[in-house]
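My notebook is open, and these are my entries from a look through this structure.

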Amino acid sequence: MDSQLGLIEQSFNNRYTLWVHEALDELPDSFTITDPSISGHPIVFASRGFLKMSGFSRAEIIGRNGRMFQGPRTNRRTIMEIREAIREERPIEVNLLNYKKDGTPFWMLFKMSLVFGKEDGRATHFVAVQVPIVSRKHMRNSGMSYSEDGGGSRLREIVFGSCRREVCSDSLLDLDRVLALDSDDTGLEIEDSCEASDLEKRKAATAIDNILSVLTHYSQLTGRLVCGKRCSLPGMGFISSSLYISLGRIKQSFVLIDPHLPDMPMVYASDAFLKLTGYDRNEVVGQNCRFLNGVDTDTTVLYQIKESIQTEQACTVRILNYRKDKSSFWNLLHISPIRNASGKVL
Ligand SMILES: Cc1cc2nc3c(=O)[nH]c(=O)nc-3n(C[C@H](O)[C@H](O)[C@H](O)COP(=O)(O)O)c2cc1C
């Protein structure tokens, strides 16, 4: 458990300067950030807005998975949609029913996006913004109307004209609470489905933009750049973060090559390979393996390797390779194609 907490602390420190926490905390929105490379895909950051909205403290959330906010009436199909989007590493926007710490259900617009490392195009973090959806039903019951262009503030004026002092504030969340207080029920009555308005969608999109700007800025200060779109070397293959984690568990020295890309670049290099050769990952991923050869490398062995790749057959050779510091070493190299279920080389 301690090592898990260590990983969570490191999750940000490796890539951003320490001030990133403060900068994210200044943003007014409700959002969380998760790290897919840590087992259980835990939350590594929760904004002040999110803590206020959910009623949880930071300590109760950090290290947990976002599913902790779901409950009996959360739509299973929507959860599956989110799971698929995470697996395929793509953004998603859905209306989702969650529960606060005190058990109160509430509808929100859940908008998720990804942060990619610039050096290898890997997804380093997921960001999710949670915008509370102002219930249209409560509005109708209270005889209120809602228009997108500035209607939110007009509505707020109407509500806060008669609201109790202790809940009078500017956020949509509090607005929801006021509407619940004003209604006849306990506030626990909840619709089966709920649609976010265009205004709420715009709010979520702006929040994501702002969060990504902060992360990009603070990654520039460490030189380990991130961006909101996959942005790595052109023509480089991508390895999903889940496959990356699995490969990371293999302790041997090995690399993966994508034979379908121009010049057959390396798309993965294990830690043991980097230790053996003295290179950094960003120096080798995206390159053809020929950088390991040198003046005394036997060309007949190179020919053997080329033939085994062309014929898609495994081969084992003994080849003289060179480290980054130019020192040579004998490499007992085994090359093997990886095939899919129908036998096609991946
Ligand atoms: C950045 C991020 C934040 C998330 N926040 C929430 C959340 O606030 N509420 C929620 O119900 N699910 C949230 N999720 C989704 C769950 O963590 C989980 O991915 C989802 O329930 C589907 O996976 P499962 O089927 O393994 O539970 C979040 C996911 C990510 C990546």
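**Entry 1: the ligand.** How far from an oxygen atom of the ligand does a polar side-chain atom of Gln 70 lie? I looked it up and got 2.9 Å. A reminder to myself: I am working with a predicted model.

I then checked two other side chains. Asn 98 has a polar side-chain atom 2.7 Å from a nitrogen atom of the ligand. For Gln 130, a polar side-chain atom lies 3.1 Å from an oxygen atom of the ligand. I also looked up how covered the ligand is: taken alone it exposes 620 Å², and the protein buries 92% of that.

**Entry 2: the shell.** Next I wanted to know who sits around the ligand. There are 21 residues around it, and Asn 65, Arg 67, Gln 70, Arg 83 and Asn 98 come nearest. Sorted by class, I have 11 nonpolar, eight polar and two charged residues in the shell. Which elements each supply at least two residues of that shell? My list reads strand E1 (31-34), helix H5 (76-87), E3, E4 and strand E5 (123-132).

**Entry 3: salt bridges.** On to charges. Side chains of opposite charge can pair when their charged atoms come close. I found 10 salt bridges in the structure.

I picked Arg 58 and Asp 25 to begin with, whose side chains meet at 2.7 Å, N to O. Arg 58 belongs to helix H4 (residues 58-61) and Asp 25 to helix H2 (residues 20-26), so this salt bridge ties together parts that are 33 residues apart in sequence. Are the two partners buried or exposed? Asp 25 is buried, with a relative accessible area of 14%, while Arg 58 is partly exposed at 29%.

Then I turned to Glu 60 and Lys 101, a salt bridge with 2.7 Å from N to O. This pair links distant parts of the chain, 41 residues apart: Glu 60 is in helix H4, and Lys 101 is in the loop between strand E3 (92-99) and strand E4 (105-117). Glu 60 counts as partly exposed at 28% relative accessibility, and Lys 101 counts as partly exposed at 46%.

I also noted Glu 88 and Arg 87, whose side chains meet in a salt bridge at 3.8 Å, N to O. Arg 87 is exposed, with a relative accessible area of 55%, and Glu 88 is partly exposed at 39%. Both belong to a network of salt bridges that links Glu 84, Arg 87, Glu 88 and Arg 90.

**Entry 4: aromatic rings.** How many aromatic pairs does a search of the whole structure find? I wrote down seven. One of them is Phe 12 with Phe 45, a stacked pair with 6.3 Å centre to centre and 10 degrees between the planes. Phe 12 is part of helix H1 (residues 2-13) and Phe 45 of strand E2 (residues 43-46), so their pairing ties together parts that are 33 residues apart in sequence. Phe 12 is buried at 2% relative accessibility, and Phe 45 is buried at 3%.

For Phe 56 and Phe 69, I got ring centres 5.5 Å apart and planes at 75 degrees, so I put this pair down as edge-to-face. Phe 56 lies in the loop between helix H3 (48-54) and H4, and Phe 69 in the loop between H4 and H5, so these rings tie together parts that are 13 residues apart in sequence. Phe 56 and Phe 69 are buried.

My last note is on a group: Phe 12, Tyr 16, Phe 31 and Phe 45 form one aromatic cluster.

Conventions
Residues numbered from 1 in each chain as written. Predicted model: local features only at pLDDT ≥ 70, side-chain atom pairs only at ≥ 80, totals over all residues. Heavy atoms only, no water. Salt bridge = Lys/Arg side-chain N within 4 Å of Asp/Glu carboxyl O. Helix = DSSP H or I, 4+ residues; strand = E, 2+ residues; numbered from the N terminus. Buried < 20%, exposed > 50% of the residue type's maximum accessible area, 1.4 Å probe, protein only. Near = heavy atom within 4 Å. Polar contact = N/O pair within 3.5 Å; in protein donor to acceptor, adjacent residues only side chain to side chain. Areas by Shrake-Rupley, 256 points an atom, 1.4 Å probe, with all protein chains shown as cover. Nonpolar A, V, L, I, M, F, W, Y, C, P; charged D, E, K, R; others polar. Phe/Tyr/Trp six-rings, centres within 6.5 Å; stacked < 30°, edge-to-face > 60°.
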